[in-house]
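Student: Can you walk me through this one? I'd like to go by topic.
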Amino acid sequence: MREFNAFAGYPEPKNPRIVGPNLRNIHNRIQASYRDKEFYDGDRKNGYGGMVDDGRWKPIAKHIVESYNLHEGSRVLQVAAHKGFLLYEFYKLGMRVSGQETSYYAAECSKITLDISLFTELPYKDRTFDFVIGASCVYTLNLLDAIKCLREIQRVGTGRSWVTLAAYEKPEDLMLLRYWFLLGTTILTKAEWLEVMEHAGYTGDYRFDTAKYLNLVEAK
């Protein structure tokens, strides 16, 4: 395992993200939990506030290809593929792509055919993919299902994979993350995530999504 940012180059917010107990509430989390049109293309408080393909994914795909020595014909899977924007960039580079989603709405919006399944039950055979991406999925699950998801990513890949994990170092950072994430269920310390990954037998790469990385600031 190594800590690595496979999404290097993803546009960072120009200004701090202001969070607080009253900016995103249980109503917003209920709306987001359906991962439907409101989550992707509705009010920003309920999700992405309009997920569009603005060109950001092309350089990220190139960065991943170079970092993981992928090539034309490589088999790439994205767990929680959203609308398939990143997968489409891999496809244009000649790779064989597959995407998994729980959202029928996201699948309908994707140019790439996405498979509908649970994050914990991927519908693929062992060692099918040369590279597996699991961004924004593991930490949305309860702890047991997060372990199952990591095991599934490990199972369907050949060793090269990358996931994102919601992590904190100080109690105040934990609160900032809880304010920010609509679907952040399992938020652990970095040390705890390392133990979870070892327990799950996960050997791929990871990035910790911390309050500092996400540039979260509490509203005054």
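Student: What phi does Gly201 take just after H8?
Tutor: A positive one, about 80°. Helices here are DSSP runs of H or I, at least four residues, and strands are E runs of at least two, numbered from the N terminus. This is a predicted model, where local features need pLDDT of at least 70, side-chain atom pairs count only at pLDDT 80 or more, and totals for chains, interfaces and linings use all residues. Residues are numbered from 1 along each chain as its sequence is written, and side-chain values use heavy atoms, with hydrogens and water left out.

Student: Which residues of H8 are buried?
Tutor: Trp193, Val196, Met197 and Ala200. Buried means under 20% relative accessible area, exposed over 50%, partly exposed in between (1.4 Å probe, protein chains only). They cover an arc of only 95° around the axis, so they sit on the same side of H8. That arc uses the directions from the helix axis to the C-beta atoms.

Student: And which exposed residues are on the face turned away?
Tutor: Ala191, Glu195, Glu198 and His199.

Student: What covers the buried residues of H8?
Tutor: The cover includes H6, S7, strand S8 (188-189) and S9. Contact means heavy atoms within 4.5 Å.

Student: New topic. Which members of the largest nonpolar core touch the most others?
Tutor: Val138 and Trp193, out of 42 residues. Such a core is a set of buried Ala, Val, Leu, Ile, Met, Phe, Trp, Tyr and Cys residues joined through side-chain atoms within 4.5 Å. H6 gives the most to this core, six residues.

Student: What does Val138 touch?
Tutor: Leaving out residues up to four places away in sequence, its contacts include Ala146, Ile153, Leu165 and Trp193.
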